[in-house]
Structure formats: structure tokens, C-alpha cells
Amino acid sequence: MAVTRRQFLAWGTAAGTALFLPTAGASRAGWERIDAARDVLDGAEPRSSGIRLDLPSVSQDGSSISLTAEVDSPMTEDDYIEALHLYAAGNPTPEIATLRFQPRAGKARVGMRIRLDESQRVVALARTSQGQWLTAEREVRVTSSGCLVRADTYASDNLFQTRIRVPDSFRSGEPGEILTLIQHPMETGLREDDDGEKIPKRIIEHFAAELDGQPVVEAEFFRSVAANPYLRFFVSPQESGELELTWREDTGEKVVESRSVRV
Amino acid sequence: MDRMRINRRQLLGLFGSLGAGSVLAASGIGRAVAGNQPPRITVIGGGFGGATAAKYLKRFDPSVHVTLIEPSRRYYTCPFSNLYLGGLYDFEDLGHGYRELARDYGVQVIHSTATDIDTEQRTVTLAGDETLRWDRLILSPGIDIRWGELEGYTRDAAELAPHAWKAGPQTHLLKKQLESMEDGGTFILVAPQDPFRCPPGPYERGSMVANYFKNHKPKSKILLLDAKDNFSKQPLFQQGWQENYGDMIEWVSRSNDGTVIRVDAANREVETEFGTRHKADVLNVVPPQKAGFIADRAGVTDDSGWVPIEPRTFRSPQADGVYVIGDATQAAPMPKSGFVANTQGKSVAAAVLADLAGEETPDPSWANTCYSTIAPGYGISVAGVYGVRDGEIEEFSGGISPEDADGEFRRKEAEHAVAWYEAIAQDTWGTYQEG
């Protein structure tokens, strides 16, 4: 589950050549430096209020860093957060994840664990259902501590094993938090094995949560999501029902789990 | 891993060169800078960082006035306190006094608690309201527990489920609980997220409790519930556990639901992130931590609860004339270890004297070795050498015990661990092990 220091360095080199735009200046907003972010904005200018991004300012383990993003929104049919895009500007590919919410999520807040190759800026972009854009960013310093030398093998015996936590009960129309995790190496496709052969990319690329067949939250994951993809999100049920969770690997393989939601 | 290995002799060499290189042409700073009054340097905290800083200030320049403030008359070290739990060491052998610092080095030692700091007036208030003036202040305050950050883990809870992450009464409490546990019981150790004091500490503790169980309660089990997915020297620990204790120790990673989110100390029960409940016979919680409280009073901590420092000098960017070293600082990739605090004690002594003399800070170089004892005659280590590059602290080289070493190698490392302990105690407090 860990990436060794050497592999990190390999990533780092790739990032250095692929990513730093010659025009990047210190005063520019994080999203301006990321092609993918400029593409989704398509000329729109995001404002930097009403959205919060939390990561530890210093992290001793770049292979799994906790991230929380929250966007203020009433989450009604007329006014909700449609999408949240997360980027790591200094990773070989900057996309971390794209989350799509429905009003029935009740709250546009997620928790994840991400990979950061080196010290860099993490950027969030959110789009409201009314077409406004919001952005937040955090500078993160990544070190690897001298007492934290780690293994580089993934446990494979429990691939696709899931863990889910649903609140014991909900109040009608009030959001409650769902915790999910699936065992998966999230192979980046950038690592080499002991013989110098590239280990092929293999990731969980999609997650969806549905309540009684209606979408709540959907997530697109990229290689910057940490091994064993972890996602916390909210659901705001009106009445008791069935929550169905689906993870899809890039091979097409699917894992489906369901849990009762009691109101 | 293809990282360079460093042997003990090279480390001691490095160590020596820092000392020698840092002895500034500093004679007479006192007279030169402050007229007839020698500058007053106050050091708060008499652990590995503070005691070393006080001693080396006087070694580098006997003309400065150095005051060390430390509540205990005898300081018991966290390093090797796991070996006491494992039955390999006497607790008294972990105690170090301050007589040598006073007698041999001319450090003024005050046994009191610093309760407040005024960085404008440059004073420190002691318990009993005495106030001392300082020209430069070095804080080596160690850690405090973030009580309540882990739900249910309060001061009262720690009397039932000890942390034993500061050597002293908590260590004795844990030992007593282990001794009164029946054979066949379960020992649960809860390990926190980074950063925390002594990254290999929880795993050495699990090892030493296993050693005690193996000798006295062989049917017992050990469960390490971890808020991390990997840990310091992990493959070496896991190999050592297998070789010495079979399957007595079970480690549960964060991705396997190891993160504890609630502690019920009265029932010795914990609840994990995904809702699993584990019941212990002896529950040891290594809780979330922050810089020692006096760092807050000095206004040098940030949102994280730890202390940011300027890498070359360990000066606080938040308070003039204040330097901070040891576990309280954000000095990653240097770990929060006694050895690191000791080497920072030397570099900060050099930096403070250079500052007083109006000279440039000598280029710092720091070293660290973390030894861990897995079983009697079975030791492992990780070492690193650190410096400043592009304004940030970096690891320049380092090494870890090989995974394929034989028993003789492990035995020697266990011996080196003891030699290391005696050497660093002598270097820090000027004390030799008594007994």
C-alpha cells in the first residue's frame, strides 16, 4: 500500500518535466496553472469564498494524505453543488477526483485520502447548479521522515474487500455521513517492479451511491487517489430506504454493496 | 532499499564534527556584546534537547550565563522505557540528574515549572511567580497530550488506560496493569496518526510487552490498532515479531479499520472508524499530541499545535529571540526522537551564540539513529543525516538495518542500542548509568 521513496522520486521527475508551465507565476491562483482545471472552467472565473479545503500543512507520508472539502450550499432542487473537482498541481497527472452531487446528498462535503508526490498546492473547484464557480487551495509540504521507511508491497489477499459505515438512524431530511473504503492498490501505472518493468495501471475509476435507485453522489477517481480508496460523503433521506454503493475498476470489474438507511 | 548505510563509528564521527565545527571563535561573546553583563540564555526543559543545549552553550562559550529550568530533579527518559516494560531494564537506570550540568559545566539549574513567557519583556514566569529575564530563550518543551481530541480519552481516562508516552507514573501504571493481567488476556495498543513522539515507539512497545507475555503470560494476545497504513521499520518489526513471538502480535492498519475513534476507558473498550468494538484487558492509548504547553504561552505554535522553526537556526519566526528544539518542533523529515533533540541542542547552542556575536549561523548538520529492541538480543535501527537545502530540512543520507541479516547482526544491534543509550545520556546530562 505504500510507495517507496525511490518510486516517489521517479514520480517527481515525471512531474517536473510534464507539469511546470513556463508561464506559472507565484501570484497566480492554483487553478490557473492546471490545464485540466482551465478546461472545466472554460473561461469562467471562480470566486474563492464559500468553499473550504482542508489538508495537513505538513505531511510525513505522501502516499496517503487526508483531505476534506466542503462547499456551502442549501442543497435544494434550485440551488445545489453539482460538481467538485480536486487537483494536485504537482503530481504526474493533476486530477485527483471529480465528485457529482444531487440535492439529496444534503451536504456538499467529502473526505478522501490522496497521494502527493512532493510538496505542492492542492486545488478544489466547485460548480453550483446555477453555473457559478468557486475555488479553494492549500499548500502542502510533503516530507518522508527518517524514522518512517516503509515497505513497497501491496497486500493482495483482500482485494475488493469493502468497509461501510452508515449512521444507526437518520432524521428525515437531515444529512448523515456515510464512510466507505475498498481495498485496492490503485496502481498508478508509473511504478516499476524489481525487474524494471512498468506495473500496469489498475485503479478504481468510478464510485456511485444511490438511494432507492436515485443518485446521491458519484465520483470519478484518478491515480492520485490513495490506495484503498476512501470516501466519506453525506446523504439526506426523507424516509427509510436502501443505499446502494457501486465501485468500478478500470478493467470493468464491479463491486456492489447495499445498506439499509433507517429514518 | 538502496539507501546508504551508516555505521555507528561514522555517526559518532559526524556528531563529533558538528561539535567541533560549531565551537565558534566565540570566546568572550559575553564581554563583547553586552558590556559587563554576560548575556542571559534561558533554556526551558531538561530533556534530551534542553539539557544538551544548556551544556553545549557553556562548552562553546563559558562566559555566557545559562539557566536551565526543569521541574524534575531526576529526569526519566522515554527511550528505553519500553525495555523497562519488557523486563530488560530497571526503571532507575532511565533516570538522570542535573548535578553534573551544574558542577562540571556551570549551568544554573532551577527546579521549577515555567508557567508563562513574555516575549516583549523577555521574561519567563516560574511557578510561585518568580520572574527571570532572558536575552535569548531556548524552549525544549517536549510534548503534551491533546486531551479529548480522541473521544473519551481524558486525563481521568489515562488513569485507567495509560498512555505511558512520558516516562514516569504512567509507565509504572502500565507495568502494574500488565503484571496484574491474567494469562490469556488481550493487550491493546492504540497508535496515532503522524506526527507523534518516537515513530517506532508503539511497535517497540508491542514487542516488549510481547517479551513480557512470552516469559510470564504466554497465552496472551497483543492487538496493535493503528491510524496509519504503514509505520517506521515495518518489515523489520513484522519479521522480528514472527521470529520471536509467532503470531502473538496482530497489527491492524488504517485501511483494515485500525483507526480508533472512541475510547471507553472504564470498560477498556475501543471503537474503530468503521464501527468495530475491541475489548482489552490492558488498554494502552498513545493519543494525539502537540507541543508542550509553554510553547503556546510563548506564542510560537501554529494551527497544527506544533512549532514552526527557521531551519538553519531553529529560531521561531513568531517571537524574537526565541528558539525551539526537540519533539515540539516541525522539523520533518527529522523524526521526533531523543537523538534528534540532542543534535538540535548542539546546533541551537551554536546558532544562539552566533546570533549574540553578530555572526552568521554555522551550517547545521544533524544526525539521528532510532534503535528498537524487538526481543532480548534482537535489535534493529534506522539512521539519517540531515541538513538544510534550498531553505528546507532534508535527509542527505540514511540507512536501515538489512532485512536479511542473521541473528548475530540483530544481537549486535541490540548491544549497540545499549551503548547508544549510555553514550547519549552521558552527552546530554553528563551522567553515567548508575548501577
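How are α8(B) and α9(B) oriented to each other? Keep that one in mind while we walk through this model, which is a predicted one.

Let's take the helices straight away. Helix α8 of chain B covers residues 201-216, helix α9 of chain B covers residues 234-245, and their axes come within 11 Å and cross at roughly 0°. Angles under 35 degrees count as roughly parallel, so α8(B) and α9(B) are roughly parallel to each other. On the α8(B) side, the contact is made by Y203(B), S207(B), A210(B) and K214(B), and these meet F237(B), G240(B), W241(B) and Y245(B) of α9(B). Sorted by class, the residues of this contact come out as five nonpolar, two polar and one charged.

Staying in chain B, have a look at the open sheet of four strands, which runs in the order β13-β12-β11-β17 with parallel pairing. At its edges stand β13 (249-252) and β17 (282-285) of chain B; each has a single partner strand, so one side of each is left without a neighbour in the sheet. On average, neighbouring strands here are turned by 15° against each other, ignoring direction. You can zoom in on one of the pairings: strand β11 of chain B, residues 186-191, is joined to β17(B) by four bridges, and the two run parallel. Within that pairing, F187(B) has V282(B) of β17(B) as its bridge partner.

Now zoom out to chain B as a whole. The domain assignment splits chain B into domain 1, made of 8-144 + 289-429, and domain 2, which spans 158-285. Their centres, taken over C-alpha atoms, are separated by 29 Å. Where the two meet, 31 residues of domain 1 of chain B are in contact with 30 residues of domain 2 of chain B. On the domain 1 side, α4 (81-85), β20 (366-375) and β21 (378-389) of chain B each supply at least two residues. By class, that side of domain 1 has 18 nonpolar, 10 polar and three charged residues.

Over to chain A. Its secondary structure comes to two helices and 15 strands, and 45% of its 263 residues count as buried. Among contacts in chain A with a separation of 6 or more, 69% are between residues 24 or more positions apart. For one spot outside the strands, try R28(A), which sits in the loop between α1 (5-19) and α2 (35-41) of chain A. R28(A) has 11 other C-beta atoms within 10 Å, and the cut-off for exposed is 12 or fewer, so R28(A) is exposed. The C-alpha atoms of R28(A) and H85(A) are 19 Å apart, with their positions 57 residues apart along the chain.

So where do the chains touch? Here 22 residues of chain A are in contact with 30 residues of chain B. The elements that give two or more residues to the chain A side are β9 (162-165) and β10 (176-182) of chain A. That side divides into nine nonpolar, nine polar and four charged residues.

Those two strands also pair with each other: β9(A) and β10(A) are antiparallel, with four bridges, and I164(A) stands opposite T180(A) in β10(A). β10(A) is also joined by six bridges to strand β13 of chain A, residues 230-235, again running antiparallel. There, the bridge partner of G176(A) is V235(A) in β13(A).

Technical notes
Residues are numbered from 1 along each chain as its sequence is written. Chains are lettered from A and ligands numbered from 1 in the order in which they are written. This is a predicted model: local features need pLDDT of at least 70, side-chain atom pairs count only at pLDDT 80 or more; totals for chains, interfaces and linings use all residues. Domain bounds come from an automatic or database domain assignment. Two residues are in contact if their C-beta atoms, placed from the backbone, lie within 7 Å. Ala, Val, Leu, Ile, Met, Phe, Trp, Tyr, Cys and Pro count as nonpolar, Asp, Glu, Lys and Arg as charged, and the others, Gly among them, as polar. A residue is buried if 20 or more other C-beta atoms lie within 10 Å of its own, exposed if 12 or fewer, and partly exposed in between; C-beta atoms are placed from the backbone. Two strands pair if DSSP finds at least two bridges between them. Axes are lines fitted to C-alpha atoms, for helices over the stretch in contact, and angles run from 0 to 180 degrees between N-to-C directions. Angles under 35 degrees count as roughly parallel, over 145 as roughly antiparallel, 65 to 115 as roughly perpendicular and the rest as oblique.
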